[in-house]
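Please take a moment to look over the sequence and the model, and then follow the text through them step by step.

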Amino acid sequence: RVSFDRLFKFEQDLAEYTGAPYVVVTDGCTHALELCLRYDRPQFLAFTAFTYLSVPMLMHHLQINYVHTSEDWTGEYQFHGTRIWDSARRLEPGMYRPGQMQCLSFGNGKPVDNNRGGAILLDDPVAAEAIRKMRFDGRDLTIIPWVDQQEFTLGFHYKLNPDECIR
């Protein structure tokens, strides 16, 4: 039996720190962005050209039309036309913006200097529940053992190992 107590505790601690009502931890920021985009399904958006290569590659993968802007950014930037933010280089107390989805990145040189990881800050309980299931193969982690779960939703293997939450 796998215990997800460490994962849930990390999500609660991060929510308290950032002021977000809900936090969904993922294995990286790009996957956090992907889950938000899959949930909200934008058809077109605009974002800074000064981002990581994985971001435009993600747009191609999801077949989302986009344009680049020339805006400079520090810490985070918004995907214009959405409620989604790439907050890969920001982590501060009370940073959560109500009504938004802010995607964090953990890794070398990031505010959480961990091996890897990411998180989504949000206040939409329906989206939080759906994205939690999406990040872990469509599973509801409150149902243990998983074979007792009767229905599965579209899911991906974008989970952060509970042991990594301790680091």
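The paragraphs below go through a predicted model, moving from one helix and its surroundings to a buried residue, then to some backbone details and a pocket.

A good place to begin is helix 4, which covers residues 125-135 and follows a loop that comes after strand 7 (118-122). In that loop sits Asp124, and at the start of helix 4 a side-chain oxygen of Asp124 reaches to within 3.0 Å of the backbone nitrogen of Val126. The side chain of Asp124 also makes a polar contact, at 3.3 Å, with the side chain of Arg83. If neighbours within four places in sequence are set aside, Asp124 is in contact with Tyr22 and Arg83.

Which residues of helix 4 are buried? They are Ala127, Ala128, Ile131, Met134 and Arg135, where buried means a relative accessible area under 20%. Because these residues cover an arc of only 130° around the axis, they lie on the same side of helix 4. What covers them includes helix 1 (5-18), strand 1 (22-26), helix 2, strand 6 (101-105) and strand 7.

Arg83, already met as a partner of Asp124, also leads to helix 2, where Asp40 is located. A polar contact of 2.8 Å joins the side chain of Asp40 to that of Arg83. Beyond its neighbours within four places in sequence, Asp40 is in contact with Arg83, Ile84 and Met101. Asp40 counts as partly exposed, because its relative accessible area is 28%, a value that falls between the limits of 20% for buried and 50% for exposed. Although Asp40 and Ala127 are 87 residues apart along the chain, their C-alpha atoms are separated by 8.8 Å.

Helix 2 also holds Ala32, and here the accessibility is another matter. Is Ala32 buried or exposed? Ala32 counts as buried, because its relative accessibility is 0%. Apart from neighbours within four places in sequence, its contacts are Thr26, Cys103, Ala119 and Ile120. Ala32 and Lys159 are 127 residues apart in sequence, while from C-alpha to C-alpha they are 9.9 Å apart in space.

Thr26, one of the contacts of Ala32, belongs to strand 1. Thr26 has a relative accessible area of 0% and is therefore buried. A polar atom of the Thr26 side chain lies 2.8 Å from the backbone oxygen of Gly28. With neighbours within four places in sequence left aside, the residues in contact with Thr26 include Ala32 and Leu35, the run of Gly117, Gly118, Ala119 and Ile120, and also Arg135, Tyr158, Lys159 and Leu160. Arg135 has already appeared among the buried residues of helix 4, and Lys159 was paired with Ala32 in the distance given above.

The next step is to look at the backbone itself. Most residues other than glycine have a negative phi, and most peptide bonds are trans. Against that background, Asp137, which follows helix 4, has a positive phi near 60°. Asp137 lies in the loop between helix 4 and helix 5 (162-166), and it counts as partly exposed because its relative accessibility is 31%. The loop between helix 4 and helix 5 also contains Pro145, and the peptide bond leading from Ile144 to Pro145 is cis, with omega near 5°. Gln63, which is not a glycine either, has a positive phi of about 60°. Gln63 is placed in the loop between helix 3 (54-62) and strand 3 (65-69), and at 71% relative accessibility it counts as exposed.

Gln63 also brings us to the largest pocket, since it is one of the residues that line it. How much space lies in this pocket? The largest pocket holds about 240 Å³. Its lining is made up of Leu37, Arg38, Tyr39, Arg41, Pro42, Gln43, Leu62, Gln63, Ile64, Met134, Thr153 and Leu154. Sorted by class, these are seven nonpolar, three polar and two charged residues. Helix 2 (residues 29-40) gives the most to the lining, with three residues. Met134, which belongs to the lining, is also one of the buried residues of helix 4, and this brings the reader back to the helix where the text began.

Key: Residues are numbered from 1 along each chain as its sequence is written. This is a predicted model: local features need pLDDT of at least 70, side-chain atom pairs count only at pLDDT 80 or more; totals for chains, interfaces and linings use all residues. Side-chain values use heavy atoms; hydrogens and water are left out. On a 1 Å grid over the protein atoms alone, a cavity is a set of points where a 1.4 Å probe fits but cannot get out, and a pocket is an open set with protein on both sides within 12 Å along at least five of seven lines; lining residues have an atom within 4 Å of a point. Grid points are joined across faces, edges and corners, and a volume is the space filled by probe spheres set on the points. Helices (H or I, at least four residues) and strands (E, at least two) are DSSP runs, numbered from the N terminus. Ala, Val, Leu, Ile, Met, Phe, Trp, Tyr, Cys and Pro count as nonpolar, Asp, Glu, Lys and Arg as charged, and the others, Gly among them, as polar. A polar contact is a pair of N or O atoms within 3.5 Å; within protein, one must be able to donate a hydrogen and the other to accept it, and residues adjacent in sequence count only if both atoms are side-chain atoms. Contact means heavy atoms within 4.5 Å. Buried means under 20% relative accessible area, exposed over 50%, partly exposed in between (1.4 Å probe, protein chains only). The arc is that of the directions from the helix axis to the C-beta atoms.
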